[in-house]
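The following exercises concern one disulfide and a set of paired strands. Each task is followed by a worked solution.

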Amino acid sequence: MIDAAPEAWSAVSIQPTQNSEEPNQAYLQFAGIPAWKLRAGRQEINLNDERFVGAVGFRQTPQTFDSVSISGKPLEDLTIYGAYIWRIKNILNENVPSQTMLSEISWSPSSLLHTQAFGYWYGNQAHSAIPGAAACFLSGNAQVCNSQTLGLRVEGAIPLAHGLKLPYDLSYARQLPYDGGSADVHASYYHLGTGLVLPSVAVHANYMVMGANPQGTYGFQTPLATKHAFNGWAEVFLTTPPKGLRSLYFSVAGKIMKTQLMAIYYDFQADHGAAHYGNELDLSVTHGFSRHWSAGVQYADYRRSGYGVNTEGAWVFVDAKF
């Protein structure tokens, strides 16, 4: 699903995975300066909700980064992060040479307000296409999808009466070519989210746009993201279609004793031309047995209208944390 062109869809849609015999993390860390941390080596990087950069923890082989990173809090409410990545071990256990830079600055004066400015410069340095590497449906060499992404995010939660909270999330980003990227790499992203949250139940509504360029030949991409967590667990949209992607989705989550329940419903359509792609329903049940052990089952059902194929899947998992 990562690399196939839209016209190449078959009757079967496959979720990529791979066995791994490589270490996920092996780094040196220096924390001798108060409020600052420096790491060098192979490390997982999870930024914010992982919409742009994440380790893809859902996978049997997570995405990790050979990199040097620095993070710090020069002020109580101010956080700074930066990283340079020279190699990416992707979810198929392939090592992709890279020239990628990450930067973020966040200001969080209270739970009511969290603001962030970010910049990500993705540079695939492979001499030929690597299966499983981030794609964008453009023809050309391995650098054709390289991009720079600059954006802003504002989020928080407004307390209401009787323990009720009103969360909000506003994001905008612009994507342009970088380091040999095609001139077609020219798209915008925005996300609007809100809901109502109680101690035992939460309801959210979201509208996310992975925009297309004016020609409808390139859709906004997030090559380093934990993609499984966004736009449906059926993973039809791991790579944004050339005409972009508009997602309107609603979620309900709750907890009964030690069991967490969640349901998400998506409506998908193109950004360029507004063709209807399809709908998806995702369901999840997770039960915590102890501080260290939990298990669950999840289900995803994508129904095609104008993109991809009907895709249905379910999986059982056990999670151990120590």
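**Strand pairing and the disulfide**

In β14, D301 is the residue that L281 stands opposite. The model is a predicted one.

**Exercise 1.** Determine how β13 is paired with β14, and how many residues the hairpin between them contains.

*Solution.* Step 1: β13 pairs with strand β14, residues 293-304, through 11 bridges in the antiparallel sense. Step 2: the hairpin that joins β13 to β14 passes through 4 residues.

**Exercise 2.** Establish which residue of β13 stands opposite Y265, and describe the connection between β12 and β13.

*Solution.* Step 1: strand β12 covers residues 259-269 and strand β13 covers residues 276-288; they run antiparallel and are joined by 11 bridges. Step 2: Y265 stands opposite L281 in β13. Step 3: L281 also stands opposite D301 in β14. Step 4: β12 and β13 form a hairpin with 6 residues between them, and in its turn G273 has a positive phi of about 95 degrees.

**Exercise 3.** Assign the handedness of the disulfide between C136 and C145, and decide whether each cysteine is buried or exposed.

*Solution.* Step 1: the structure holds 1 disulfide, which joins C136 to C145 with an S to S distance of 2.1 Å. Step 2: the torsion about the S-S bond is about -85 degrees, so the disulfide is left-handed. Step 3: a residue counts as buried under 20% relative accessible area. Step 4: C136 has a relative accessibility of 1% and is therefore buried. Step 5: C145, with a relative accessible area of 13%, is buried as well.

Note on methods
Residues are numbered from 1 along each chain as its sequence is written. This is a predicted model: local features need pLDDT of at least 70, side-chain atom pairs count only at pLDDT 80 or more; totals for chains, interfaces and linings use all residues. Side-chain values use heavy atoms; hydrogens and water are left out. A disulfide is a pair of cysteine sulfur atoms within 2.5 Å. Buried means under 20% relative accessible area, exposed over 50%, partly exposed in between (1.4 Å probe, protein chains only). Two strands pair if DSSP finds at least two bridges between them. Helices (H or I, at least four residues) and strands (E, at least two) are DSSP runs, numbered from the N terminus.
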